[in-house]
Amino acid sequence: MHTRAANPPSPAGKILWATIAIVGAFCLGVVALRRGEPINAIWLVAAAMAVFVIGYRFYGKFINNSVLQLDPSRATPAVLRNDGLDYVPTDKWVVFGHHFAAIAGAGPLVGPVLAAQMGYLPGTLWILFGVVFAGAVQDFMILGISLRRGGRSLGHMLREELGPKAGIVAMFGVLVLMMIVLAVLALVVVKALTHSPWGTFTVACTIPTALLMGVYMRWFRPGRILEVSIIGVLLLLGSIWLGARVAASPTWGPMFDFDAGTLAWLLIAYGSCASILPVWLLLAPRDYLSTFLKIGTIALLALAIFLAAPMLQLPAVTKFIDGTGPVFQGGLFPFLFITIACGAVSGWHSIIASGTTPKLLANEGSAQMVGYGGMLMEAFVAIMALVAAASLHPGVYFAMNSPGALIGTTVQQAATTISQWGFVVTPDQLIQTAKDIGEHSILSRAGGAPTLAVGMAQLLQGIMPGEGMMAFWYHYAILFEALFILTTVDAGTRVGRFMIQEIVGLIHKPLERTESWVSNLLATAICVSLWGYFLYQGAVDPLGGINTLWPLFGIANQMLAAIALMLATVVVVKLKRERYVLVPGIPALWLIICTLTAGWEKLSGPISFTGAARKYAQGMQDGKLLAPAKSVAEMQRIVTNNYVDMALTGLFMLLVVTMVVFALRAILKAWQINHPTTHEEPYVALSSMAS
Amino acid sequence: MNRSLQSLQSSWKWAVQTARLCCGVPDYDVYVKHLREHHPERAVPSYEEFFRERQAARYKGTGGRCC
């Protein structure tokens, strides 16, 4: 093993780190302990930054030096297999930018907003400690492990290290997770656009804009991404401006005014068409727009929070930690830990950390910055989303995020109910907020995106005041999230199609051929109907949909994270570094406990799918209509949906348990052998590769 | 003056390279250099051809982006 001389820390360095630790601890103390009076968001942001810096410098470095034992003198896959296309030694800052753009998505913006119903403190603590000890560990370790295996994918490494059967089980799990992700993200868009002609018009405008960009880049100026993206962004900003006029027009407005069910069908139709069109026409230009808007919006949000320095109006902890919250059901443990997935720990990242990134790193020494550091940045985005939600008036927050079945459908009913919960709000405040953002109503717009949009609009309004600016920024934020999500729906449907073809190919070989039209259309249809079913179910769900689907998504995402961390644990044992087994082992165990407990509570007990299905089935037998259902057909739908969700939860739990068995078997076997048994590629000195 | 101009140029190059990579398009100059050094027998594609090939390749695999 090639070890480096450890530099003893200089006295100045010691003082610096001690100062950061003291400042961080003080800020965290303010965030955690001050009660009764609102605190400024800057305390929270500063505490987060101190925790991240210390986590990176100490825990990240410990994993780098001791657990993974990364070696800057060792040639990386990018150097060994340099082909100028997929494997390219690249500047570490460029890789960092690419990696962050690939992992940052809608997830870290939505989860923390939903979790804010418990107050800002539980979410903050889970994001800070989750990311340092679980999320960043997962991303970094999977990246490091893949670096030593020619940049292989997660599935491939699972097959190698845990056995071929484990690989198939995990592949199936990833597919199901993907369908839930697509459904829940599409539902976020539906919730944001329901009866919002302005929003619907601007989001619809992204389709012709992208088509125009695609054609321009295909025939007029091939490959000019920057130029075409600037045109695209200008067109989108124009469509926000035009949207206000369309929504106000008595002829045009109603044409873009849809209910949730219709919007779900429109999205399903869009997803089917988009995933069949050539990528250069629609998907690629959309992808450019959403990538640049995403980075731009995150920067804008950071700027707004630093300049506006809002007060956190939400209490640190609300009474809803007992599990009676309106946004999602279930207590702090385990539901906080599956509601905030991306931002604290996200299973998806293991796919990216074993995808393009390990094929680009020029040196193993940069893996900590990209893997661990990239995830810390993502956690920072989650903290900002939490700040945006917590700086809203709590009454407005709950009005936007509670289902109509709980708070009613008029501002009077909503204000009364929410005030009874202890968050005093008047109907006028709710009407005024809707008016400020240029919408008819803000009630029951669950899903995170609208709440974040209002929060962001208020922050930006604070630093750039002006007539109608808040409505503009609100629709800008909605547009950004919808654009991003629609890109994911399109790309995800394609990826899902390939995965379905791979799985179906195991049963019937000819269906595997991706150039066959019959097989492509069949797989696309299966894929769209899978996520489409859950989307439609969520859109027409009288309870709002998000509070059913988000736990399923959280369980699935954390399940994948648990699988990735189990892989890391197995590899550590196979390398005979058993004394570090707890580094990936503890977060893996924690996620297994959280997913299984959450799964169990969703299978049996008061908040379970099973309980809900039985209650409504009993009601139908007795010939009674139970609220919020208004007809026998609706009762039947609630029963069926709950049984489907129950089966899915059971499936996820079975997947986790199966993977635990595979992992334990591999660990036991490796523990008994007295030499390393992992599939690492042999050492090649970087210096010998210099050209 | 000259130095700040140079650093401005290199940061711009960095930004362009990162932005293109985020869209799945690796550095063209690096690819051309690689081809000339290691595969002198192969024809060097124009940037437009290179771009189209990469654009199609980006959406073939799995993963690539997060929720």
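I call a residue buried if 20 or more other C-beta atoms lie within 10 Å of its own, exposed if 12 or fewer do, and partly exposed in between, with C-beta atoms placed from the backbone.

**Conventions.** I am reading a predicted model, in which local features need pLDDT of at least 70 and side-chain atom pairs count only at pLDDT 80 or more, while totals for chains, interfaces and linings use all residues. Residues are numbered from 1 along each chain as its sequence is written, and chains are lettered from A and ligands numbered from 1 in the order in which they are written.

**Confidence.** I looked up pLDDT, the predictor's confidence in each residue from 0 to 100, and found an average of 92 for chain A, with 98% of the residues at 70 or above. Over residues 1-5 of chain A, pLDDT stays under 50, and the model has three contacts for them beyond four places in sequence; I take a contact to be two residues whose C-beta atoms, placed from the backbone, lie within 7 Å. Where pLDDT is low, the predicted coordinates should not be read in detail.

**A:Pro89.** I located A:Pro89 in the loop between helix H3 (77-80) and H4 of chain A, where helices (H or I, at least four residues) and strands (E, at least two) are DSSP runs numbered from the N terminus. A:Pro89 is buried because 21 other C-beta atoms lie within 10 Å. Leaving out residues up to four places away in sequence, I found that A:Pro89 touches A:Ala78, A:Val79, A:Asn82 and A:Ala362. A:Leu361 is 272 residues from A:Pro89 in sequence, yet their C-alpha atoms are 5.6 Å apart in space.

**Helix pairs in chain A.** I then turned to packing, where two packed helices are described by the angle between their axes and the distance between the axes. My axes are lines fitted to C-alpha atoms, for helices over the stretch in contact, and the angles run from 0 to 180 degrees between N-to-C directions. Angles under 35 degrees count as roughly parallel, over 145 as roughly antiparallel, 65 to 115 as roughly perpendicular and the rest as oblique. I call a crossing left-handed if the near helix is turned anticlockwise from the far one by less than a right angle, and right-handed if clockwise.

- For helix H4 (residues 92-103) and helix H15 (residues 367-390) of chain A, I noted axes that come within 9 Å and cross at roughly 45 degrees, so H4(A) and H15(A) are oblique to each other. Their crossing is right-handed, and the residues that meet include A:Phe96 and A:Phe100 in H4(A) and A:Gly373 and A:Met377 in H15(A).
- For H10(A) and H21(A), I noted an angle of about 125 degrees with the axes 10 Å apart, and this pair is therefore oblique too. The crossing of H10(A) and H21(A) is right-handed; A:Leu236, A:Ile240, A:Gly243 and A:Ala244 in H10(A) meet residues of H21(A), among them A:Phe472 and A:Tyr476.
- For H16(A) and helix H20 (residues 449-463) of chain A, the angle is about 150 degrees and the axes are 9 Å apart, which means that H16(A) is roughly antiparallel to H20(A). This crossing of H16(A) and H20(A) is right-handed, with A:Tyr397, A:Met400 and A:Asn401 meeting A:Pro450, A:Thr451 and A:Val454.

**Helix H18 of chain A.** In helix H18 (residues 411-420) of chain A, I found A:Val411, A:Ala414, A:Ala415 and A:Ile418 to be the buried residues. They cover an arc of only 95 degrees around the axis (taken from the directions from the helix axis to the C-beta atoms), so they sit on the same side of H18(A). On the other side of H18(A), A:Gln412 and A:Gln420 are exposed. The cover over the buried residues includes helix H16 (394-401), helix H17 (404-407) and helix H19 (427-436) of chain A. Just after H18(A), I noted that A:Gly422 takes a positive phi of about 105 degrees.

**Chain B and the contact.** Chain B holds three helices and zero strands, and of its 67 residues 27% count as buried. The contact between the chains takes 42 residues from chain A and 27 residues from chain B. H4(A) gives the most to the side of chain A that touches chain B, with seven residues.

I looked last at B:Tyr31, found in helix H2 (residues 28-38) of chain B, which counts as partly exposed because it has 19 C-beta neighbours inside 10 Å. Apart from neighbours within four places in sequence, B:Tyr31 is in contact with A:Gly84, A:Leu85, B:Pro26 and B:Phe50. B:Tyr31 and B:Phe50 are 19 residues apart in sequence, and 9.2 Å separates their C-alpha atoms in space.
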